[in-house]
Amino acid sequence: MFDFEVVPGEAVLSILHDNRSEVLDIVARAYLAHHAGQTVNPDSYFLRFPDKPESRIIALPAFLGDDVQMAGIKWVSSFPKNIESSLPRASAVLILNDYQTGYPIACLEAAAISATRTAASAALAAVSLRPDGYAGTRLAIVGAGVIARNITDYLHAGGCTPDRFLVHDLDETSGRALVDHLRSTHDASAEFVSDLGAILDAETIVFATTALEPYVRAPFKPGQLLLNISLRDLTPEVILSANNVLDDVEHCLKANTSPHLAEQASGSRAFVSGTLAQVLNREITLDSARPTIFSPFGLGVLDLAVGAFVLKEARDRGTSNKISGFFGETRRW
């Protein structure tokens, strides 16, 4: 009843590494549960700093019903200047709460959970929105950080294997590191491309940057798929000329994301085609004469779904640490 557990990052990484196919299924089920109204996913809360406008810490509270029946909150920071010191940009913890009593039951190191649910979301969209597969195609990646690396791992787990990967990053060292990862880990054909414009005609493009404002203005062609993971790379004109699939409409149309800017520019949400869950349920049909853009704001229920799985696996493996006496009072009187 009053047990409290801590799952350290090394244990989390091991579990996630060994269960990528399972995580893809977990994320898909969480999307469908959210679409079916079995979740509570309030607005994310942003803590910003006047002297560090590029940095933020975000709180994502959520409840996931279905077969999880757990509440919780992810506290995730994004400090892009960490990269200058060779530190990861993001760090996070996830607190899980028992739904019956409300008591917190576990704290998980969650940078990997956050990156994993993002990557699994991207891979799920890649599979669903290009059902004919990736043979004979090129896949371009813009931004070569931890998220991009995880996305490539989950694309591989989902069977998305293009003929060639093209990698672009303003930091060539990072870009070439991702190329090396693709070659050594997935035996993929990959190359670094310094000119962004040279890869924007690829059949599939993943945006995983830290951009704060849109910079991609060129129109895309019918059949191209854009995974708009970093959310702020594309101008409103690009958004308005495409099919637009979101993870959650209300969540994505805020915080000056590219879809939010498109809503402001057009005065309407008519450009939104639907959600990924609707694609999975085959509830919507996309216009084949347009490119398709997937824009996920990131739902706390995904963190809960993956975190609950990690906690169960850690318990089974004996890699969670119980903190005895964590709660000071265990009786009301």
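Leaving out neighbours up to four places away in sequence, T235 is in contact (heavy atoms within 4.5 Å) with P214, V216 and R217. T235 lies in the loop between strand 12 (225–228) and helix 6 (236–240), where helices (H or I, at least four residues) and strands (E, at least two) are DSSP runs numbered from the N terminus. With a relative accessible area of 5%, T235 is buried, a term that stands for under 20%, with exposed over 50% and partly exposed in between (1.4 Å probe, protein chains only).

The model is predicted, with local features needing pLDDT of at least 70 and side-chain atom pairs counting only at pLDDT 80 or more, whereas totals for chains, interfaces and linings use all residues. Residues are numbered from 1 along each chain as its sequence is written, and side-chain values use heavy atoms, with hydrogens and water left out.

Helix 3 (111–129) has 19 residues that, at 1.5 Å a residue, should span 27 Å (1.5 Å times one less than the number of residues), and this agrees with its end C-alpha atoms, which are 27 Å apart. Of these 19 residues 16 are buried, so helix 3 is largely enclosed by the rest of the structure.

The largest nonpolar core, a set of buried Ala, Val, Leu, Ile, Met, Phe, Trp, Tyr and Cys residues joined through side-chain atoms within 4.5 Å, holds 75 residues, of which I113, I151, L227 and V310 touch the most other members. Helix 3 supplies the largest share of this core, 11 residues. Beyond its neighbours within four places in sequence, L227 is in contact with A122, A125, A126, I205, V206, F207 and F294. A second, separate core of 26 residues includes I205, L226, L234 and C252.

The second largest pocket has a volume of about 450 Å³; a pocket is an open set of points on a 1 Å grid over the protein atoms alone, where a 1.4 Å probe fits, with protein on both sides within 12 Å along at least five of seven lines, and lining residues have an atom within 4 Å of a point. Of the 20 residues lining this pocket, S128, L129, R130, P131 and L286 are the closest to its centre, and helix 3 and helix 9 (276–280) are the elements that give two or more residues to the lining.

L286 is placed in the loop between helix 9 and strand 15 (292–295), and L286 is partly exposed, with a relative accessible area of 27%. Not counting residues up to four places away in sequence, L286 touches L129, N243, V245, S273 and T292.

Technical notes
Points joined across faces, edges and corners; volume = space filled by probe spheres on them.
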